[in-house]
Amino acid sequence: MLLPNNQRHSPKLSSEANSAKSQRKMTDDQDALRIGSPIPTHPLGIKPLGNKYFAGGNDARRSLGTLQVLPDEMLMQLLEYLDQRTLRLLGYSCRFLFACCISDDLWKSIFLESELRSKTAFEWKGTWRATVLGFSVDQRIWIDCGNVFSDVLHRPFVCNHISLDRYTTNIPAVNTINRFEDLTYEEFAAKWSNKPFILTECIKPWPAYQSWDTQKLLELYPDVDFRAEAVDWSFTTYCQYMSDNHDESPLYLFDREFAKKMKLEIGRSQGAAYWKPECFGPDLFELLGDERPAHRWLIIGPERSGSTFHKDPNATSAWNAVIRGAKYWIMFPPSALVPGVYVSKDNSEVTSPLSIAEWLLEFHAEARQLPYCREGICQAGEILHVPSGWWHLVVNLEPGIALTQNFVPKSHIADVLTFLKDRPEQVTGFKKEVTDPYGLFVDRLREEYLGLLEDGLNQLAERQAQKKRRWDIAVGKNTVDEDQPQKKSTGFSFGFGFGGEEDEIP
Ligand SMILES: O=C(O)CCC(=O)C(=O)O
Ligand SMILES: [Fe+2]
C-alpha cells in the first residue's frame, strides 16, 4: 500500500495521520469495503462528507463565510478561473479553502495555460502545484484539514488509491481472452481476425523486448522530447514525473514519431528494434505508403495510467506489445453497449468519459457480467490483438513500456472502406494533403487487390442498403421499392455479428 504523502515527507505528521485514521468513520469504511482494500488516510486528513455527522460540529466549511452557499462542485469550478497568485493566497485564508486550492487538478490547468507548457525540459517537483511555484519537497506546506469533509475533495484521492487487483484478478473463465504461443496467418485469417487474443512468444526475439527498460531508454534518449497528451517533454522530465506523481489519470506518453526521434529501424532489416508479427498477414494500409494515417506509437506510463474506453481509429485493427510492465485489458465487441460509456448520436465521440478509476469503481462489476465481455492481462513479452471496432479500456498494472501498431487485415477491408466512405468527418490521422482517404484507398487497392476490392465494395453496398432498409422501417416508410426485389425485413437486429459495421449502434 502507498504511504500517504505526509508519512513519506515528515515523520512529525505520522501521529496526526494516525489520529485522523482512527477518526475514519462510516463512509470511509463503506468505500473501503466496496473498493476491496482500505484507502489510506488523505495526506491532509480530508474526509468524505459522510464523516461530518460524527464530527461533533467541528466543520471547516463554517469558516467559508459567504462562499458557504456554494456547493463544493461549484466552488471548485469557480477556483478554475483564478490565476496562480490568487489561488495560492486564497488557499491560505482558511482550512477549507486550503484543501480546495491545493487540488492538483487546478494546478495542472494553470501549468498547461502558463508558459511552462511550451518548456520541454524542467525539473518535475512531485506535484503540478510545486512545479508551477518552483517549490522543493521540503517547502511543501502542510495544514491539518482533518475537519474538512467533502466528497468532491476526497474522491480523487480514493480513485488514486483503489486497488487494481480487485478488478484485474479472478477473471471469469468465459471472459478470459485466449492465449496462444503464436498463430499462423492462416489460423488468424480463418478464425481469429474478429476476436481478441494474446500471443505469448511472438515478440520475445525483438531486440526492443530484450534490451529496453526505462533506465536504458533514459541513458539513450535523455533529451529526446516525446509527446505526452498535451505536452512535449524530454524523456528525463517525463521519467521524473512518472516516478513521482499523484494524478488520478497520469499523463501518458503516447508518441507516434518515436521511430524518427529515436532513430529506430523497424522491420526485418539488420539492426531493427522490432518487426511486425507474421500472423496478422498483409496490412492493406501499407498500400498508402507515406500517405497512410498515423499507425504506430510508443506508449510509456506509470502504474494506473492507461486508455479509457475507445475504438481504434478508422476501423483499423491493432496489436499492442508489452515490452515492460503488464496491462489489464477489458474489451467489448463493436455492437456492445458498454456500461458507463455514452456515445454521441453520430457515434463520433464518447461523451462524458470517466477516468479509468471511476469507471472501474462504478461500472466494472456490471460490465464483467455481460456476455461478450473479454478480459486479460498482457504481460511483458506478450502481444495482444485488438480487432477492428472493438471497445477497449486498458490500465497499466506497473510502470510500463509498449509498442502498438494499427493495421488493416484483408478480413476487415469492408469495415475500413465503410468507415472511410460513410464517416469522412470521423476519419483521423491522415496528413491534411490527403483530402480523399476513401478514394485513395480504393485506387491503391484496385492496383494490387482487385478481387478483394470488389468483395469489399459489394459488402459496403450491402451494408448501406441494409442501413437504408432499417431507417425506412424505423421512420415507418413503406420499404417496397418497385424496381427492387423485395427482401424480407428482419427489423432492428441487436445481434452480435463480430465486427460488421451493420452491428454498430447508431
Ligand atoms: O496501452 C494502452 O494504453 C492501450 C493503447 C491502445 O488503445 C491500443 O493499442 O489500441
Ligand atoms: Fe486503442
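This is a short tour of one predicted model, from its overall make-up to a few single residues.

**The big picture**

The chain is built from 19 helices and 15 strands. It runs to 506 residues, and 37% of them count as buried. Take the contacts with a separation of 6 or more: 76% of them come from residues 24 or more positions apart.

**The cores**

In soluble globular proteins, nonpolar side chains tend to be buried together. Here, the largest nonpolar core has 85 residues, and Tyr 238, Ala 321 and Ile 323 have the most contacts inside it. Leaving aside residues up to four places away in sequence, Ala 321 touches Ile 203, Ile 383, Ala 402 and Leu 403. There's also a second, separate core of 20 residues, with Leu 97, Cys 101, Ile 102 and Trp 128 among its members.

Tyr 238 turns up again in helix H14 (residues 235-243), whose buried residues are Phe 235, Thr 237, Tyr 238, Cys 239, Tyr 241 and Met 242. What do the buried residues of H14 pack against? Their partners are helix H13 (214-220) plus four strands: E3 (225-228), E4 (231-234), E5 (253-255) and E6 (296-301).

**Around the ligand**

Ligand 1 is surrounded by Ile 299, Gly 306, Ser 307, Asp 312, Ala 318, Asn 320, Lys 327, Val 386, His 392, Val 394, Ala 402 and Thr 404. Sorted by class, that shell holds 5 nonpolar, 5 polar and 2 charged residues. Strands E7 (306-310), E8 (317-324), E14 (391-396) and E15 (400-407) each supply at least two residues of the shell. Ala 402 does double duty: it sits in this shell and also touches Ala 321.

**Two helices that meet**

Two packed helices are described by the angle between their axes and the distance between the axes. For helix H18 (residues 437-448) and helix H19 (residues 450-474), the axes come within 6 Å and cross at roughly 135°. That angle is why H18 counts as oblique to H19. At the meeting point, H18 brings Val 442, Leu 445 and Arg 446, while H19 brings Leu 450, Leu 452 and Leu 453. The contact has 5 nonpolar, no polar and 1 charged residues.

**A few residues up close**

Buried or exposed? Here's how four residues come out, judged by C-beta neighbours inside 10 Å.

| Residue | C-beta neighbours within 10 Å | Status |
|---|---|---|
| Gln 405 | 20 | buried |
| Glu 113 | 11 | exposed |
| Lys 263 | 10 | exposed |
| Ala 315 | 26 | buried |

Gln 405 has its place in strand E15. Not counting residues up to four places away in sequence, Gln 405 touches Lys 276, His 295, Arg 296, Ala 318 and Trp 319. Lys 276 is 129 residues away in sequence, but the C-alpha atoms of the pair are 8.4 Å apart in space.

Glu 113 belongs to helix H7 (residues 104-113). From Glu 113 to Asp 83 is 30 residues in sequence and 9.9 Å in space, C-alpha to C-alpha.

The other two residues have backbone angles worth a look. Most residues other than glycine have a negative phi, and most peptide bonds are trans. Lys 263, though not a glycine, has a positive phi of about 55°; you'll find Lys 263 in the loop between helix H15 (258-261) and E6. Ala 315 isn't a glycine either, and has a positive phi of about 60°. Ala 315 lies in the loop between E7 and E8.

Notes
Residues numbered from 1 in each chain as written. Chains lettered and ligands numbered in written order. Predicted model: local features only at pLDDT ≥ 70, side-chain atom pairs only at ≥ 80, totals over all residues. Near = placed C-beta within 6 Å. Nonpolar A, V, L, I, M, F, W, Y, C, P; charged D, E, K, R; others polar. Axes fitted to C-alpha atoms, helices over the stretch in contact; angles between N-to-C directions. Parallel < 35°, antiparallel > 145°, perpendicular 65-115°, else oblique. Contact = placed C-beta atoms within 7 Å. Buried ≥ 20, exposed ≤ 12 C-beta atoms within 10 Å, placed from the backbone. Core = buried A, V, L, I, M, F, W, Y, C linked by C-beta atoms within 7 Å.
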